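I opened this entry to keep track of what I looked up, element by element. The notes follow the order in which I went through the model.

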Amino acid sequence: MQQNNNQDNSGQNNNGENFERFLRCVLSDISLQEQLQGIDDKKKFIAATVELGAANGFVFGTLEVESAMRRNQQQWIERWM
Amino acid sequence: MDVRHLPVNFEEWMPIRVFWQDHRPYVDWCYMQKDRFVHPFFDMTIQHRMHDPFSLLFQYQTPADELAELNIMRPGLEPTGFVFHMSRCGSTLISQMLASLSRNIVISEASPIDTLLRANTVDSSISDETRIGWLRGIIGALGSKRSSDETHYFIKFDSWHTLYLELIHRAFPNVPWIFLYREPVEVIVSHMRQSGAQMVPGALGHLLPGLDVFESAQMPREEYCARVVEQFCESALSQLDKDPHNALLVNYDQLPEAVTSTILDHFGAAYSDRDIEKMNMAAKFDAKNPRTQFVSDSEGKKNEANEAVMKAGEMLAPVYEKLESMRKLQQPK
């Protein structure tokens, strides 16, 4: 399991980096994916994502998760532009 | 953007979008689980899937150039048949009838296919061969089996893809195809009520050879619509001439009965009586709004046609007559 070396740092920038690294980590680890798949409720999903990140040494908050979801939604909406 | 490569195990992931980065097309992959493409259009199924938080947050990206390699790792079904059409002529009814069976994969007007097929409008140096490779790749990926039930694979293209029939045929020379058309006045009235993207000058590049966007925009909407539809019909007729064995012309008036008879015969797809019954049941509902019952609007459209629409319809009379005479020559098959 990839571990976050910046877990002692704080601040939004580190949170953003940690979250991006966590995304990559999940995408390369099916067992992590399975822990988040099937959570239909958005709030519960975001909380579970933050919790799973922390459990694997990636410190970030709900803000990073929400922003990424919003960004992906935006990219989908703008697919024709 | 950071490119995240697919895992070895990616059976439940499907390509949903193609985007450009550093002058190269990339594919977004979404976790689809076992969700089938049952909505009237591909993007509607994806939009529905985007309500799943995991599918929205976690997506892979791969270069389009890797699609061929991915298809070797995850071979999908070969296409059973292609549906081309002049627009607003019942093609969604065909795709919805086919999609009513879980053994059919039905991809209806998928934006990833469109982006790769028209990649030369983004970069004119992209060769036909490259586009053919990408087209095989994306169609292969979309035909991936996510259930052991799936045995047939149909693609309904966007109406303007009829202009690319020759290139599509080069990519898939053995796949049978149909071209669906309808009485022109009814088609034009439908576009006057609500124009499709293909009827907005410049929205999809230059659909009318010899006319720039300004000239196209100056033209009456009815005439522009007629000229665009004429291009689609002429392209279908031209390809029919080159590839008569794989082609079948279908008039809207033959629907829905032709789906479970002539069209499936042409595609070489056999189904049980129960399956046929299920497809016929799907035909009872409005294809674009499957919660409501289908009610024919042909008479209403004819009554709604004003002078400009009638004149535009007359422009299409010769090509419509040609389609009709060619169709009659194809019968009985």
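**Parallel strands of chain B**

I began with strand S4 (residues 81–85) of chain B, which is joined to S7(B) by four bridges, the two strands running parallel. The model I am reading is a predicted one. For the register I noted that B:Val83 stands opposite B:Ile178 in S7(B). Following B:Ile178 to S8(B), I found B:Leu248 as its bridge partner there.

I then turned to the pairing of strand S7 (residues 177–181) of chain B with S8(B), where I found five bridges and a parallel run. B:Tyr181 has B:Asn251 of S8(B) opposite it.

How many of the five residues of S7(B) are buried? I found that five of its five are, and I entered the strand as mostly covered. Looking at the directions of the side chains, I saw B:Trp177, B:Phe179 and B:Tyr181 pointing one way from S7(B), with B:Ile178 and B:Leu180 pointing the other way, and all of them are buried. Strand S8 (residues 247–251) of chain B is also entered as mostly covered, with four of its five residues buried.

**The antiparallel sheet**

Next I looked up the open sheet of chain B, in which three strands follow the order S1-S2-S3 with antiparallel pairing. Strand S1 (13–21) and strand S3 (59–63) of chain B each have a single partner strand and stand at the edges, so one side of each is left without a neighbour in the sheet. Ignoring direction, I noted that neighbouring strands of this sheet are turned against each other by 30 degrees on average. Between strand S2 (residues 24–31) of chain B and S3(B) I found five bridges, the strands running antiparallel, and within this part I recorded B:Tyr26 as standing opposite B:Pro63 in S3(B).

**A helix pair in chain B**

I then took up helix H9 (residues 184–193) and helix H15 (residues 307–330) of chain B, which pack at an angle of about 135 degrees with their axes 8 Å apart. H9(B) and H15(B) are therefore oblique to each other, and their crossing is right-handed. On the side of H9(B), the contact is made by B:Pro184, B:Val185, B:Ile188, B:Val189 and B:Met192, while H15(B) brings B:Val309, B:Met310, B:Ala312, B:Gly313, B:Leu316 and B:Tyr320. Sorting the residues of this contact by class, I entered ten as nonpolar, one as polar and none as charged.

**Loops and backbone angles of chain B**

Which peptide bond did I enter as cis? The bond from B:Leu255 to B:Pro256 is cis, with omega near 0 degrees, and B:Pro256 has its place in the loop between S8 and helix H12 (259–267) of chain B.

I also looked up two residues for their phi. B:Arg88, in the loop between S4 and helix H4 (91–99) of chain B, has a phi near 55 degrees, which is a positive value in a residue other than glycine. Is B:Arg88 buried or exposed? B:Arg88 has 23 C-beta neighbours inside 10 Å and therefore counts as buried.

B:Glu109 also has a positive phi, of about 55 degrees, although it is not a glycine. This residue lies in the loop between strand S5 (104–108) and helix H5 (111–117) of chain B. With 22 C-beta neighbours inside 10 Å, B:Glu109 counts as buried.

My last loop entry was B:Ala203, which lies between H9 and helix H10 (213–218) of chain B. B:Ala203 has 14 C-beta neighbours inside 10 Å and so counts as partly exposed. From C-alpha to C-alpha, B:Ala203 and B:Val213 are 9.2 Å apart in space, and in sequence they are ten residues apart.

**The contact of the two chains**

Finally I went to the contact, which takes 20 residues from chain A and 15 residues from chain B. On the side of chain A that touches chain B, helix H1 (12–27), helix H2 (30–36), helix H3 (42–55) and helix H4 (62–77) of chain A each supply at least two residues. Which helix gives the most to this side? H4(A) does, with six residues. By class, I entered the residues of this side of chain A as eleven nonpolar, five polar and four charged.

Terms used
Residues numbered from 1 in each chain as written. Chains lettered and ligands numbered in written order. Predicted model: local features only at pLDDT ≥ 70, side-chain atom pairs only at ≥ 80, totals over all residues. Axes fitted to C-alpha atoms, helices over the stretch in contact; angles between N-to-C directions. Parallel < 35°, antiparallel > 145°, perpendicular 65-115°, else oblique. Left-handed = near helix turned anticlockwise from the far one by under 90°. Contact = placed C-beta atoms within 7 Å. Nonpolar A, V, L, I, M, F, W, Y, C, P; charged D, E, K, R; others polar. Buried ≥ 20, exposed ≤ 12 C-beta atoms within 10 Å, placed from the backbone. Pairing = 2+ DSSP bridges.
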